[in-house]
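Please open the model in your viewer and keep the selection panel at hand. The tour proceeds by selections, with a short account of what each one shows.

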Amino acid sequence: MIELLLTVNGTPRTIEVEVRTTLLEVLREGLLLTGTKEACGVGECGSCMILLDGEPMPSCLVLAADADRCNVETVEGLASDGVLDEIQRAFVDTGAFQCGFCTPGMLVAAKALLRDHPDATPGEIKQGLSGVLCRCGSYTKIMKAFEVLTGRKT
Ligand code: FES
Ligand code: FES
């Protein structure tokens, strides 16, 4: 076992893990942050997307040991005092999901995208979200959410 220090959604967390434990397992099973989803488990779908030191990363591909002393942001960190952030609100208002399984990954990827490109073009949006697959095919509504967020026609 090894001891790690992670800052998760702004809170320092000390955890003990086996060397083979993934960051996704730490989040879901260790810290009970089950908003981050597991689907493919091999880095192809983006359901497990989190921000690792601010950059979108599939957490199923990250060994927890490699995240030691890193800053981790999950979907649970978006809302504040029970109030949805503007990205969550735009997704709700435009119905940008069906089953919602991809949505946590979409939201954190969107957070990084809009931080870097507040008025993202349709091409930048598609590029920024390309690591997260929506099995329900809700992409048209997701782009509508970005129309709200960027004020730009997609
Ligand atoms: S569960 Fe991690 S990329 Fe699919
Ligand atoms: S809303 Fe079902 S996977 Fe995207």
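Begin by selecting Glu86, Ile87, Ala90, Phe91, Asp93 and Thr94 in α2, together with Lys141, Lys144, Ala145, Val148 and Leu149 in α5; these two groups of residues meet. By class, the contact of α2 with α5 comprises six nonpolar, one polar and four charged residues. Please note that the model is a predicted one.

Next, display both helices in full: the axes of α2 and α5, the latter spanning residues 139–150, come within 8 Å and cross at roughly 130 degrees. An angle over 145 degrees would count as roughly antiparallel and one of 65 to 115 as roughly perpendicular; α2 and α5 are therefore oblique to each other. The crossing in which α2 passes α5 is right-handed.

Keep α2 (residues 86–94) on display and add α3 (residues 103–116). Which residues of α2 meet α3? They are Ile87, Gln88 and Phe91, and their partners in α3 are Thr103, Leu107, Ala110, Lys111 and Leu114. This contact of α2 with α3 contains five nonpolar, two polar and one charged residues. Ile87 and Phe91 also belong to the selection made for α5, so it is useful to colour them separately.

Now turn to the geometry of this second pair. The axes of α2 and α3 come within 10 Å and cross at roughly 125 degrees, and the two helices are therefore oblique to each other. Here too, α2 passes its partner α3 in a right-handed crossing.

The next selection is the interior. In soluble globular proteins, nonpolar side chains tend to be buried together. The largest nonpolar core of this model has 40 residues. Select Met106 and Ala109, the residues with the most contacts inside this core. Then colour the elements that each supply at least two residues of the core: β1 (2–8), α1 (23–30), β3 (49–52), α2, α3 and α5. Which of the elements gives the most to this core? It is α3, with six residues.

For the final stop, select threonine 34, in the loop between α1 and β3. Is this residue buried, exposed or partly exposed? A residue counts as buried with 20 or more other C-beta atoms within 10 Å of its own, and as exposed with 12 or fewer. Threonine 34 has 14 C-beta neighbours inside 10 Å and therefore counts as partly exposed. Finally, add alanine 64 and draw a distance from C-alpha to C-alpha: threonine 34 and alanine 64 are 16 Å apart in space and 30 residues apart in sequence.

Notes. Residues are numbered from 1 along each chain as its sequence is written. Chains are lettered from A and ligands numbered from 1 in the order in which they are written. This is a predicted model: local features need pLDDT of at least 70, side-chain atom pairs count only at pLDDT 80 or more; totals for chains, interfaces and linings use all residues. Axes are lines fitted to C-alpha atoms, for helices over the stretch in contact, and angles run from 0 to 180 degrees between N-to-C directions. Helices (H or I, at least four residues) and strands (E, at least two) are DSSP runs, numbered from the N terminus. Angles under 35 degrees count as roughly parallel, over 145 as roughly antiparallel, 65 to 115 as roughly perpendicular and the rest as oblique. A crossing is left-handed if the near helix is turned anticlockwise from the far one by less than a right angle, and right-handed if clockwise. Two residues are in contact if their C-beta atoms, placed from the backbone, lie within 7 Å. Ala, Val, Leu, Ile, Met, Phe, Trp, Tyr, Cys and Pro count as nonpolar, Asp, Glu, Lys and Arg as charged, and the others, Gly among them, as polar. A nonpolar core is a set of buried Ala, Val, Leu, Ile, Met, Phe, Trp, Tyr and Cys residues joined through C-beta atoms within 7 Å.
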